[in-house]
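Grab a pencil and have a go at these exercises before peeking at the solutions. The model you'll be working with is a predicted one.

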Amino acid sequence: MKPSMPSSNKTVSEQNHTSPPPSESSSGLSSGSGTGKGTGANVSTHVSARRVALTGLLAALALIFSYVEALVPFNAGVPGIKLGLANLVPLIILYRLDARYAFAANLIRVFLAGLLFSGMFAALYSLAGSVTSFLVMYLLKKTNLFSVIGVSTAGGVFHNIGQLCVAILAVSGPQLIHYLPVLIISGMAAGIIVGIGGTILLDRIPVKLFRE
């Protein structure tokens, strides 16, 4: 006499009907994770675009400062001496955004100023001074041992030193080294003024403007 097992078959069929297919749960997980990844990518793209746009606006502001300095006649008796108001912008970007954005804004300002009103030969001097100044300011800021005024002062000094090196190599030879003490003093004075202005602006400009 063979035993029949209807109850067992019924239980198996009930389990098959009640348990959800594994493909549905796995597809739900994959779609959810895909949505999360897409959202993160959108946020990252939005943040990068916002920072790039802000850097472009600040670079335009630095270009306006350069134009104002070119309009105002100033003759200190030594070529290359000026206040350097345009250096306010990379200083603020360096402390509020990132070194990459500050460096990019500096390069944009130098090349556009050379194309528009200062000439490419003057842009070469400005580029040498700006790159040297920025590297020094970046390294000093990373140490966290100097104030904004101290970092700006060092940047002003090395801006003039970078320009002097290009002038010695490209134009007149080593006799221009006699201008070094004057350039150091003028660079310190300009750097202190720019540093004071940068300190005031960093306190006045809302931090949320630079947040992600």
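Three short exercises follow, each with its solution.

**Exercise 1.** Work out whether Ser 126 is buried or exposed, and find what it touches beyond its sequence neighbours.

*Solution.* Start by placing the residue: Ser 126 belongs to helix H5, residues 120-143. Next, take its relative accessible area, which is 12%. Buried means under 20%, so Ser 126 counts as buried. Finally, skip the neighbours within four places in sequence, and the contacts of Ser 126 are Arg 109, Val 110, His 159 and Gln 163.

**Exercise 2.** Check the span of helix H7 against what its number of residues predicts.

*Solution.* Helix H7 runs over residues 180-204, which makes 25 residues. The expected span is 1.5 Å times one less than that number, so H7 should cover 36 Å. Its end C-alpha atoms sit 35 Å apart, and that agrees. While you're there, look at the buried residues of H7: among them are Gly 187, Gly 191, Gly 195 and Gly 198.

**Exercise 3.** Find the largest nonpolar core and say which helix gives the largest share of it.

*Solution.* The largest core holds 26 residues, and those with the most contacts inside it include Leu 58, Leu 91 and Phe 210. Now sort by element: H2, H3, H4, H5, H6 and H7 each give two or more residues. The largest share, six residues, is from H3. Zoom in on Leu 58: leaving aside neighbours within four places in sequence, it contacts Val 89, Ile 93 and Phe 210. A second, separate core has eight residues, including Tyr 125 and Leu 176.

Key:
Residues numbered from 1 in each chain as written. Predicted model: local features only at pLDDT ≥ 70, side-chain atom pairs only at ≥ 80, totals over all residues. Heavy atoms only, no water. Helix = DSSP H or I, 4+ residues; strand = E, 2+ residues; numbered from the N terminus. Buried < 20%, exposed > 50% of the residue type's maximum accessible area, 1.4 Å probe, protein only. Contact = heavy atoms within 4.5 Å. Core = buried A, V, L, I, M, F, W, Y, C linked by side-chain atoms within 4.5 Å.
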